[in-house]
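Me: I have a new structure to get through and no background on it. Can we go over it in short questions?

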Amino acid sequence: MARSTPAARAAYPHHHPTPTRWADNDVYGHVNNVTYYAYFDTAVNAYLASRGALDVQGGGVIGLVVETGCVFFAPAAFPETLSVGVRVAHLGRSSVRYELAVFREGEDTACAQGHFVHVYVDRETRRPTGLPAAFRAALEELRVG
């Protein structure tokens with residue numbers, strides 16, 4: 001399997017500032033690998049909430065992660081402010097493939113990049129449901145390719 005190359009900052013239409021926390025570092029002195037997934041999740045959900053698409057407490061539609069992956073190129077550590085780039089690679093009826101990349105301040109290439117797939121389901125039945133208009137509009141702004 002060929003190793004991917006780091007993406008450029010300009011390849012992502014939205015960037016979410018993400019300061020590292022003391023607790024993000026592991027015993028090896030860099031941000032622990034699992035923490036990147038929290039950065040990804042926060043960047044996507046903060047974007048959706050800022051566009052009025054996501055109502056965490058009362059919305060009828062919730063996103064469930066069904067697939068995820070991450071490739072690491074260079075370390076990040078506390079104290080740094082990172083930027084998480086967000087784009088949508090696939091927008092289906094009830095699913096979305098998000099592609100994300102983490103950039104260190106002042107750097108144009110990603111130190112990590114990954115993806116996750118959300119399937120949006122009805123909050124009560126947990127069955128897949130079509131994306132509401134507000135979700136679809138917000139996600140279209142991030143769509144690439």
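What follows is a short exchange on strands, aromatic rings and a few backbone details.

Me: Before anything else, what sort of model is this?

Reply: This is a predicted model.

Me: Ok. Is strand β5 mostly buried or exposed?

Reply: Buried. Strand β5 covers residues 112-122, and 10 of its 11 residues are buried, so the strand is largely enclosed by the rest of the structure.

Me: Which way does β2 pair with β5, and over how many bridges?

Reply: Strand β2, residues 61-72, pairs with β5 in the antiparallel sense over 11 bridges. As an example, Val61 has Asp122 in β5 as its bridge partner.

Me: And how many bridges join β4 to β5?

Reply: Eight, and these two strands run antiparallel. Strand β4 spans residues 95-104.

Me: Which residues face each other there?

Reply: Two examples will do. Arg97 stands opposite Val117 in β5, and Leu100 has Gly114 in β5 as its bridge partner.

Me: What about β4 itself, buried or exposed?

Reply: Eight of the 10 residues of β4 are buried, so β4 too is largely enclosed by the rest of the structure.

Me: How many bridges does β4 have with β3?

Reply: Nine bridges join β3 to β4, and the strands run antiparallel. They form a hairpin with three residues between them. In this pairing His90 stands opposite Arg97 in β4, and Arg97 is also the residue opposite Val117 in β5.

Me: Changing topic: how many aromatic pairs are there?

Reply: The structure holds seven aromatic pairs. One of them is Tyr98 with Phe116, which is tilted, with 5.3 Å from centre to centre and 40 degrees between the planes.

Me: Where do those two sit in the chain?

Reply: Tyr98 is in strand β4 and Phe116 is in strand β5, 18 residues apart, and the pair links distant parts of the chain. Both Tyr98 and Phe116 are buried.

Me: Got another pair?

Reply: Tyr120 and Phe135 form an edge-to-face pair, at 4.9 Å centre to centre with 65 degrees between the planes.

Me: Why does that pair tie together separate parts of the sequence?

Reply: Tyr120 lies in strand β5 and Phe135 in helix α2, residues 133-140, so the pair ties together parts that are 15 residues apart in sequence. Tyr120 and Phe135 are both buried.

Me: Which residues make up an aromatic cluster?

Reply: Tyr36, Tyr39 and Phe72 form one.

Me: What lies over the face of Tyr12?

Reply: Arg87 does, at 4.3 Å from the ring centre.

Me: Now the backbone. Where is there a cis peptide bond?

Reply: Between Phe78 and Pro79, with omega about 0 degrees. Pro79 lies in the loop between β2 and β3, the latter being residues 81-91.

Me: What is unusual to look at in Arg126, then? I mean its phi.

Reply: Phi of Arg126 is near 60 degrees, a positive value in a residue other than glycine. Arg126 lies in the loop between β5 and α2.

Me: Why does Arg126 count as partly exposed?

Reply: Arg126 has a relative accessibility of 47%, so it counts as partly exposed. That class falls between the cut-offs of 20% for buried and 50% for exposed.

Me: Fine, that will do for a start.

Technical notes:
Residues are numbered from 1 along each chain as its sequence is written. This is a predicted model: local features need pLDDT of at least 70, side-chain atom pairs count only at pLDDT 80 or more; totals for chains, interfaces and linings use all residues. Side-chain values use heavy atoms; hydrogens and water are left out. Buried means under 20% relative accessible area, exposed over 50%, partly exposed in between (1.4 Å probe, protein chains only). Helices (H or I, at least four residues) and strands (E, at least two) are DSSP runs, numbered from the N terminus. Two strands pair if DSSP finds at least two bridges between them. Rings of Phe, Tyr and Trp (its six-membered ring) pair if their centres lie within 6.5 Å; planes under 30 degrees apart count as stacked, over 60 as edge-to-face and the rest as tilted. A charge sits over a ring if NZ of Lys or CZ of Arg is within 6 Å of the ring centre and within 35 degrees of the ring normal.
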